[in-house]
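Hi,

Here is the structure I promised to pass on. Have a look at it first, and then read my notes below.

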Amino acid sequence: MRHLISPRFRTTALGAAAFLTLAGLNAPAAISYAERTYHAYKIEQPEYKARYGHWDLLGVPEKYRVNAIHAALLHTGKVLLIAGSGNNEKMFKAGTFKTLLWDPEKNTFRLIPTPEDLFCSGHAQLPSGKLLVAGGTARYEVLEGKVERAGGGMLVKNEDPDRPHHFPRGTVFRSPDGKQYRTTRAFELPAAEKKKRKGGKVTVTASEERVFVEAVRKGRSQVTRRPAQYSVDGLKGADRRNVYGLAQSLTLDKQDYHGLDVAYEFDPVAERYLPVDPMAEARWYPTLTTLKDGRVLAVSGLDEIGQVVPGKNEVFDPETRTWSPAPERYFPTYPALFLTRGGDLFYSGSNAGYGPADKGRAPGLWNVEKNTFRPVPGLSDQDQLETSASVLLPPAQEQKVMVLGGGGVGESPKSTARTAVADLARKDPRFTPGPDLPQGTRYLSSVLLPDDTVFTTGGSEDYRGKGESDIHKAQFYLPEKNAFRPAASPVVGRNYHSEALLLPDGRVATFGSDPLYADPENNQPGTFEQRVEIFSPPYLHRGERPRITGGPDEAERGDTAVFTVESARRAARARLMRPSAVTHTTDVEQRSVELGLERRRGGRLALTVPEDPTLVPRGWYMLFVTDSAGVPSKAHWVHIR
């Protein structure tokens, strides 16, 4: 029988022959060429793919390439990539904000009108299937040495109980010595609160609003370092006495990003943003996390004057589409908060970007209703939790949260290979060491897979990939063995502003990366990575997959639903997997829930959904059925009511 030789293999073979000739001439360059050629051949072999998986670059037309800052899987199967201004100040000043909708099944793309700069916002899946997006960018940072106008936060107060005020952007406040400072945004100042006490006594509490102001004139002469009271230009008489500003200092120090208070629901069916009531606090780098009753808690972020929100949290009600105050507790920005059995939130210690090194960094269980916090000990390298990854390990019933890698606070070059697992099912929860990563890693992407493994990929050893420290490695974490197994290596390096998520067909898509520099010497500025790379796990290279051919699209918690599954092998397990909403290595949405499984005749499976709302929050889930060889079906979307 004649064996056909593919053109790709023929090219590889010729390359190898050329290498042998050059190697005989002692040409070092030939070694590198041959290694690359052999590697390209090896990774295409079926045996390799079945063991390590395979990566493919997605062809994205140039007009649809965006700086993916946020990625969320919608129940339509499409992926929402939110760029906003995309960490590009020119785009911000031009008001050019982008969102891309990608359909992985049809491989089609659509740009979505984006109403605000949702760059560095927070997001969470709602029970209806809409995506809540809150916060964003009101002002870009100005680094120390580049600040031209003295500025800072000002508290504006109104002591008049009978009259509110509207102040446009550019409202001028004047210091006692005549210096002028103007607001950078418009704002509303309510009337003071007037209350009648027992005995007929009336008290008045001034209303207040925090704003950022900057000097009208440039230069050091406009710096004010002492606390002062400021009058408002244009106000006269009683208004001038009742309304005033207070500032501690107005300087040329670094000015951080400012947050937005806006909130939107993205409707996956209509494919558009729908405005909802704004938050009470502006937030840039907030975390949004789902509570047991389906409401969403918003915590942390930088406020409207560039300071970390001082523990003022709030809750969004999807029924009324409004916000209400929540118990106060301080966290650094983008804290990883996981809903646990019983309703407590577990703070793993993972966070991103802003906040002092000695405040809000310790992991623990937060009872939101009672506002109590119980520390969870045992985690090493707690000074390197910034830019670490955290996941609720599969299945969610095990109540184990894993922390992977991380780095020092701010622009620290420190990074750790440490992993650790917190067993929250114990009476005295604590962390125990896990296997080390191959090297110190920041910005690691970690994705739950239907076969109960965790796929981890990318990251960099130094801050934002400095010194070309991107890590072109991937691996699987095996919870049952508490060990890593190597995976195929990605082509594209991913560090800051990168994301990865599970697709309904069982693949993993990776997006973004925002390196600070483009060369080992850290001289040339980096460019945002717009390529999309997709990983096909080994289970997609192991023969026929189970197929879910029938079953309901809705189910109640505690109910048993019957699905028809065609499979060459015995069905071994079923999982409900909550779709991701990920940014800045923070993905508190994804979870994998084990279903009770009973086999019936005719390829039917009776699957029972847990009754506990803290295990299965309401919303849309991907149902995967996995066979005895560890091969999962494609997802069947189920709405849990």
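**Starting from Ser536**

Ser536 sits in strand S40, which covers residues 532-536. Keep in mind as you read that this is a predicted model.

Is Ser536 buried or exposed? Its relative accessibility is 10%, and under 20% means buried, so Ser536 counts as buried. As for what surrounds it, setting aside the neighbours within four places in sequence, Ser536 is in contact with Gly53, His54, Asp56, Arg507 and His541.

**The whole protein**

Zooming out, the secondary structure of the protein comes to five helices and 50 strands. The radius of gyration is 27 Å, and the globule rule gives 26 Å for 641 residues; the two are close, so the protein is as compact as a globular protein of that length. If you want its extents, the C-alpha trace spans about 100 × 70 × 45 Å along the principal axes.

How much of the protein is buried? Of the 641 residues, 55% count as buried, and Ser536 is one of the buried residues. On the outside, the protein exposes about 27900 Å², with carbon and sulfur atoms supplying 49% of that area.

Contacts are worth a look too. Taking those in the protein with a separation of 6 or more, 62% are between residues 24 or more positions apart.

Last, the charges: there are 86 positive and 77 negative ones in the protein, and their mean positions are 0 Å apart.

Cheers

Note on methods
Residues numbered from 1 in each chain as written. Predicted model: local features only at pLDDT ≥ 70, side-chain atom pairs only at ≥ 80, totals over all residues. Heavy atoms only, no water. Helix = DSSP H or I, 4+ residues; strand = E, 2+ residues; numbered from the N terminus. Rg over C-alpha atoms; globule rule 2.2 N^0.38 Å. Buried < 20%, exposed > 50% of the residue type's maximum accessible area, 1.4 Å probe, protein only. Contact = heavy atoms within 4.5 Å. Areas by Shrake-Rupley, 256 points an atom, 1.4 Å probe, with all protein chains shown as cover. Lys, Arg positive; Asp, Glu negative; His and termini not counted. Charge placed at Lys NZ, Arg CZ, Asp CG, Glu CD.
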